[in-house]
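Please examine the sequence and the structure shown below before reading further. The paragraphs that follow lead from the interior to the open spaces.

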Amino acid sequence: MNHLARFVKLGAWSFSGAWSLGFGACTLGLAQPDPNWLDHDRDRPLPPVVQPAIPSTDEKAGQAPSDATVLFDGKDISQWVSLDGTPTKWIVRDSYMECVKDSGYVRTLQNFGDCQLHIEWATPVPAHGEGQGRGNSGVFLGLDRYEVQVLDSFEAKTYADGSAGSIYGQYPPLVNVSRPPGQWQTYDIVYAAPRFDAAGRLLSPVRLTVFHNGVLIQNHVELTGPTSWLERAPYHIHPEKQPISLQDHGNPVRYRNIWIREVGKPGKKEFSLPIKLLDGYAGKYDRLEISRDGNQLAATLGSVRFSLFAESPTKFFAKTTDFQIEFPSAESGKPDHLLWSVGEGANEAKRSK
């Protein structure tokens, strides 16, 4: 489209918007989903073509949509680690991954923000235990903060906000559509990550929509903060993108066919690396000081501190400034130097301590 045509379109919208503001009789100008395009605009790009998912059966896992990131395909568990980044003790067999008692949570290496998450799970058969001790696990967004409860709730009783499909401790599911123990069940979760300002104040809360076995059970609910037991925990600032984790609650719950579609503008992939690796990078490098801040690194240059995000085991970047750092191979333990740049070029900094 040429510049004149675009000017005419934007000008027409601006006029209609001003008209609706002035007279209040027509709100069409204010209600436009995107003011850069006319209704039915022939020049507006069409949506990308995506091959839809193939549904699962009890006997066989389905197939993810063509634009999804497959997190578990029934064989490869390499995208999952323990919370500290060490190899997980969960086992893989018969096309599913299974929680092993006392093995701890598993989490993804890659971090995710706003997303559509598909996950299938099955509780043990024959069923054992009662209430919260019966086929208990959980799907967590925001690392270990925001839980959609996994539980055997088929003809079983527990407190409502702890049953299958609940946002734990906050919202019971709208309905109970649980299948019997041993049968595969699906969650389709739409997650909107919280946003914080630079001072850590909450700008928008977590919002979750959940379908259980194809039925809407959580309708765009707003979380009051992290889900927790015995307390109503407040929000605390954290990065927008965090790993997804699955809970070890001492029951051998199974998972299969896990895939995710990120929502919003594409950006660099982000990963939460092993704590041991991050600790090896920490130190003083000439004018730079590298420290570990939780599951991330931070760099201080002069009086300015940057939160760093991992795009690989050796490369890190900041989001407020085009500040990049690269370490030597991750196999070298504590590196003796690093490369850093701001906007252009590269500078070598040697470790001093």
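Leaving aside its neighbours within four places in sequence, with which residues is M97 in contact? The model under discussion is a predicted one. In this model, M97 is in contact with F72, I77, W80, W90, I91, V92, V106, L246, V253, R254, Y255 and I258, once its neighbours within four places in sequence are left aside.

This set of contacts leads into the interior. The largest nonpolar core has 39 residues, and those that touch the most other members are M97, Y187, L246, Y255 and I258. Several strands contribute to this core: at least two residues each come from β1 (69-72), β6 (115-122), β7 (137-141), β8 (146-150), β9 (185-192), β12 (207-212), β13 (215-222) and β15 (254-262). The largest share, 4 residues, is supplied by β6. Apart from this core lies another, made up of 21 residues, including Y281, F306, F327 and W340. A general tendency may be recalled here: in soluble globular proteins, nonpolar side chains tend to be buried together.

Two cysteines may be considered next. C99 has a relative accessible area of 4%, and C115 has a relative accessibility of 1%. Because buried means under 20% relative accessible area, C99 counts as buried, and C115 counts as buried as well. As for disulfides, the structure holds 0 of them.

The next topic is the space left open between the atoms. Rolling a probe the size of a water molecule over the atoms shows where empty space is left. The largest pocket holds about 710 Å³ of space. Its lining consists of 26 residues, and the closest to the pocket's centre are I237, H238, P239, S307 and F309. Strands β10 (195-196), β18 (296-301) and β19 (304-310) each give at least two residues to this lining, and β19 gives the most, with 4 residues. By class, the lining of the largest pocket divides into 12 nonpolar, 7 polar and 7 charged residues.

How is the lining of the second largest pocket made up by class? It has 10 charged residues, together with 3 nonpolar and 3 polar ones. This second largest pocket contains about 370 Å³ of space. Of the 16 residues that line the second largest pocket, K241, E262, K265, P266 and G267 lie nearest its centre.

How values were computed. Residues numbered from 1 in each chain as written. Predicted model: local features only at pLDDT ≥ 70, side-chain atom pairs only at ≥ 80, totals over all residues. Heavy atoms only, no water. Core = buried A, V, L, I, M, F, W, Y, C linked by side-chain atoms within 4.5 Å. Buried < 20%, exposed > 50% of the residue type's maximum accessible area, 1.4 Å probe, protein only. Contact = heavy atoms within 4.5 Å. 1 Å grid on protein atoms, 1.4 Å probe; cavity = no way out; pocket = protein on both sides within 12 Å on 5 of 7 lines; lining within 4 Å. Points joined across faces, edges and corners; volume = space filled by probe spheres on them. Nonpolar A, V, L, I, M, F, W, Y, C, P; charged D, E, K, R; others polar. Disulfide = S-S within 2.5 Å.
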